[in-house]
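Biologist: I should like to request a close look at a single part of this protein, explained for a first-year student. Please begin once the structure is in view.

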Amino acid sequence: MSYDLIVIGTGPGGYVCAIRAAQLGLKTAVVEKNPTFGGTCLNIGCIPSKALLHASHLFDEAGHDFEKMGIGVGKPKLDLKAMMAFKDEGVSGNVKGVEFLFKKNKIDTYVGAGRVAAAGKVGVKAADGKTQTLETKAIVIATGSDVARLKGIEIDEKRVVSSTGALTLDKVPEKLVVVGAGVIGLELGSVWKRLGSDVTVVEFLDGALPGMDGEVRRQAQRIFEKQGIAFKLSSKVTAVDTSGKRLKVTVEPAKGGAAETLDADVVLVSIGRVPYTEGLGLKEAGVKLDERGRVATDAHFATNVPGVYAIGDAIAGPMLAHKAEDEGVAVAEILAGQAGHVNYDAIPSVVYTAPEIASVGKTEEELKAAGVAYKVGKFPFTANGRAKVNRTTDGFVKILADAKTDRVLGVHIIGAEAGTLIGEVTLAMEFGASSEDIARTCHAHPTLSEAVKEAALAVDKRAIHM
């Protein structure tokens, strides 16, 4: 069988790439090493974690907030097995949705480990060891990423877990130590904190959420500490003793010094992710990798081997599902002779904690480092009518605009529904909007989105409700 395009990997980047290619008339196939489609995101990442975040948030609200609103339900009882079934049902629905879309778009599917056999050839090795070689005009590597490992600490997905194991625990750990105060660690740490765990987060750097806007990071950490999550910053985990009934976690200062030992029932290692390129035959095919082990590509997602392309977590850039999706669409359009493009200055990122945290564009720190003159408009949710009545007043909206042109350069939000609110300003940035454009746009009242308008007004020091 010969194809116009074969996509290796069916995560958000891979399956979207395949669907767009099929829409454009390319004969397309996908190769997936796992028995289900959807990659890490749908199976063991974005989707199941959001299900548990949602369920645990409602559990926490029922136990602490319902009575304040006149809703008497008594103390909620946790049925963890049922909650996990709720999560699994959501995963199944999404995975089956991808399978349906492949059939709808007449995309051939191959289950097995795919590898680049040569330019124009993809080898597929099934679970039973049988192999076959497929011919194609173009290959897109969309294999995503894997969890980063901590040297000297073995992940067994039972007591020492990655994000994968943290989504399938069969009981609430009394004490949970999270290694890494990034997005994954804080999201999953907050899930188990709400369900009853005593959570301590150990972070090598001096604050939570490295890389995000500094002001947002500081407020987020204060909120998480208020929720009962403990932080050990500028610290590193050097060993985990699994010999006893309880884990013994050795923690040392990042810059050296006396060690301390923390007790834990479960340790979650969440220090980031690394591109998944193992077993793809890239070296044998001559495909170059960069210094961090990512597939090296040009501005059109092409590798140094003609006909071989790569997208998503396997290449440079933020490891985000929606970034991979946009790249998948872009490369499919390029292969069909169109002008596929991704605007990397307008890719939002969201932390799905409570409150949510979202950002797009540049941080203040990045603008200062680049010597860009900018203005700041900030508006707190404590001054927003909807947030007040909903009792979701934590956080603020911050807009950074060019001092000369007023063009929006970055927006950072911490607060309820931040992940939804960021969509408005991402669209504004995509169209090159100024803060004045946002400020002059009528926003419905009463909504949380009014805080975005007020922050835009605040850039020019004319916020109404502050």
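Which residues form a nonpolar patch on the surface, and about how much accessible area do they have together? Please then turn to the open sheet of five strands and describe how it is arranged.

Modeller: This is a predicted model. The nonpolar patch on the surface is formed by Met-69, Ile-71 and Val-73, whose accessible area together is about 270 Å². Of these residues, Val-73 is found in the loop that lies between helix H3 (46-64) and helix H4 (80-104).

We now come to the sheet. Its five strands follow the order S18-S19-S22-S21-S20, the sheet is open, and the pairing is antiparallel. Strand S18 (349-351) and strand S20 (374-380) are the edge strands, since each of them pairs on one side only. From one strand to the next, the twist averages 10 degrees.

Two helices pack on this sheet. Helix H12, residues 418-430, touches S18, strand S19 (356-361) and strand S22 (408-415). The direction of H12 makes about 10 degrees with that of S19. Helix H14, residues 450-459, touches S20 and S21, and its direction makes about 140 degrees with that of S20.

The pairing of S20 may be followed in detail. Strand S20 is joined by seven bridges to strand S21 (residues 396-402), and the two run antiparallel. Within this pairing, Tyr-374 stands opposite Asp-402 in S21.

Definitions and conventions
Residues numbered from 1 in each chain as written. Predicted model: local features only at pLDDT ≥ 70, side-chain atom pairs only at ≥ 80, totals over all residues. Heavy atoms only, no water. Patch = residues over 30% accessible without salt bridge, like charges linked within 9 Å, V, L, I, M, F, W, Y side chains within 5 Å. Areas by Shrake-Rupley, 256 points an atom, 1.4 Å probe, with all protein chains shown as cover. Salt bridge = Lys/Arg side-chain N within 4 Å of Asp/Glu carboxyl O. Helix = DSSP H or I, 4+ residues; strand = E, 2+ residues; numbered from the N terminus. Pairing = 2+ DSSP bridges. Axes fitted to C-alpha atoms, helices over the stretch in contact; angles between N-to-C directions. Contact = heavy atoms within 4.5 Å.
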